[in-house]
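Trainee: I should be grateful for a close look at a single part of this structure. Please go through its surroundings step by step and explain the terms as they arise.

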Amino acid sequence: VILLQGLLTSGRAAEVNELTLAANRAKLTYVPPGMPSEQNWDVLGAGERVLVRGLGANFFDAIGILFEGRGGRFSRDAVGTLHYQPSGREPFLSAGSRHGLPYRAKAYYSGGLPGPCELPRFSAEREASLLRQYGGT
């Protein structure tokens with residue numbers, strides 16, 4: 001059996017509660033851990049200094065969400081290297097992690113990212129077939 005659940009959120013750990021209270025006392029904004037697409041990033045304004053904990057996949061999702069639609073743009077230099085030119089409406093990020101390094105970059109696809117693949121549907125008929133095949137009930 002393979003159970004693919006993606007990223008799970010659990011109950012708040014004591015550390016998260018402590019950080020929330022500390023941020024409130026210091027009049028800072030704290031965004032707790034969670035799925036980047038489900039967070040309220042509008043609380044982080046233009047030029048606001050933001051401390052980010054962790055450099056995993058969620059970090060890169062958060063960057064995309066925080067910078068998208070704020071007026072910055074990408075351009076290429078003479079040799080084709082891509083550069084981001086901020087608009088000034090983005091927050092200022094300082095990021096770190098327990099081990100001090102971001103996760104390894106994903107593979108580079110010269111033709112863009114690969115498209116979605118078609119996976120077979122797991123129907124009731126397929127389940128019944130597998131149960132018959134492997135002697136289940």
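Mentor: Phe59 counts as buried, since its relative accessibility is 13% and buried means under 20% relative accessible area, exposed over 50% and partly exposed in between (1.4 Å probe, protein chains only). This is a predicted model, in which local features need pLDDT of at least 70 and side-chain atom pairs count only at pLDDT 80 or more, while totals for chains, interfaces and linings use all residues. Residues are numbered from 1 along each chain as its sequence is written, and side-chain values use heavy atoms, with hydrogens and water left out.

Phe59 belongs to the largest nonpolar core, whose 8 residues are Trp41, Leu44, Val50, Val52, Leu55, Phe59, Ala62 and Leu66. Two elements, strand S1 (49-53) and helix H2 (57-67), each supply at least two residues of this core, and H2 gives the largest share, 3 residues. A nonpolar core is a set of buried Ala, Val, Leu, Ile, Met, Phe, Trp, Tyr and Cys residues joined through side-chain atoms within 4.5 Å. Helices (H or I, at least four residues) and strands (E, at least two) are DSSP runs, numbered from the N terminus.

The aromatic side chains deserve attention next. The structure holds 3 aromatic pairs. In one of them, Phe59 and Phe60 meet edge-to-face, with 5.1 Å from centre to centre and 75 degrees between the planes. Rings of Phe, Tyr and Trp (its six-membered ring) pair if their centres lie within 6.5 Å; planes under 30 degrees apart count as stacked, over 60 as edge-to-face and the rest as tilted. Whereas Phe59 is buried, its partner Phe60 is partly exposed, at a relative accessible area of 43%. Elsewhere, Phe67, Phe74 and Tyr84 are linked by ring pairs into a cluster.

Consider now Val50, another residue of the core. Apart from neighbours within four places in sequence, Val50 is in contact (heavy atoms within 4.5 Å) with Leu44, Pro91, Phe92, Leu93 and Ser94. Leu44 is itself a core residue. Phe92 also has the charged end of Arg49 over its ring, 4.4 Å from the ring centre. A charge sits over a ring if NZ of Lys or CZ of Arg is within 6 Å of the ring centre and within 35 degrees of the ring normal.

For contrast with Phe59, one may look at the loop between H1 and S1, where Lys27 is found. Lys27 counts as exposed, at 77% relative accessibility, and its phi is near 60 degrees, a positive value in a residue other than glycine.
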